[in-house]
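Got the viewer open? Let's take a short walk, one selection at a time.

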Amino acid sequence: MKQFLLVFIGGGFGSMLRFALSKLLNNSQNGIPYGTFAANIIGSLLIGLILGFAIKNDTLSSNQTLLLATGFCGGFTTFSTFAYENHVLLKSGDFTTFAMYTIASFVLGFLAVFFGMHLAK
């Protein structure tokens with residue numbers, strides 16, 4: 001039960017921060033979802049750092065890892081919003097933004113995880 005509560009608390013904080021970031025950075029005028037993009041890249045970097053530290057140094061307990069990686073990063077990042085925003089871009093015919101957003105999200109997301117794990121070493 002404690003583990004579920006840790007994931008719930010971390011996820012709540014992550015979701016609130018993602019919501020704030022989206023309100024701050026998303027721009028309905030140009031349709032580019034900078035807030036979601038930033039949340040997913042920052043979250044990828046954070047999960048790389050968190051799991052890198054957890055693996056390398058054994059400094060994080062399993063409960064801390066659940067709170068931070070599964071809970072916070074899981075709530076902060078969002079694949080469903082990313083998928084929906086891509087749907088909107090395609091539906092509006094903005095194929096260039098769709099392609100740039102999708103490719104940049106995947107490439108930078110993967111690189112951020114690897115960089116976070118590298119920094120943890």
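Start by selecting A39. Leaving aside its neighbours within four places in sequence, A39 is in contact with R18, L21, F76 and T77. Keep in mind as you go that this is a predicted model.

Next stop, the core. Add A38, I50, A69, F72 and C73 to A39, L21 and F76, and you have the largest nonpolar core, with 8 residues. Now colour by helix: α2 (34–56) and α3 (62–76) each supply at least two residues of this core. The one that gives the most is α3, with 4 residues.

Now for some empty space. Rolling a probe the size of a water molecule over the atoms shows where such space is left. Select N40, I41, S44, T77, T78, F79, F82, S105, F106, G109, F110 and V113, and you'll see the lining of the largest pocket. T77, which you met as a contact of A39, is one of these lining residues. The volume of this largest pocket is about 270 Å³.

Which helices supply at least two residues each to this lining? They are α2, α4 (79–91) and α5 (95–120). Of these, α5 gives the most, with 5 residues. Colour the lining by class and you get 6 nonpolar, 6 polar and no charged residues.

Last stop: select N26, N27, S28, G31, I32, P33, Y84, E85, V88 and L89, which line the second largest pocket. Its volume is about 200 Å³. By class, this lining has 5 nonpolar, 4 polar and 1 charged residues.

Conventions:
Residues numbered from 1 in each chain as written. Predicted model: local features only at pLDDT ≥ 70, side-chain atom pairs only at ≥ 80, totals over all residues. Heavy atoms only, no water. Core = buried A, V, L, I, M, F, W, Y, C linked by side-chain atoms within 4.5 Å. Buried < 20%, exposed > 50% of the residue type's maximum accessible area, 1.4 Å probe, protein only. Contact = heavy atoms within 4.5 Å. 1 Å grid on protein atoms, 1.4 Å probe; cavity = no way out; pocket = protein on both sides within 12 Å on 5 of 7 lines; lining within 4 Å. Points joined across faces, edges and corners; volume = space filled by probe spheres on them. Nonpolar A, V, L, I, M, F, W, Y, C, P; charged D, E, K, R; others polar.
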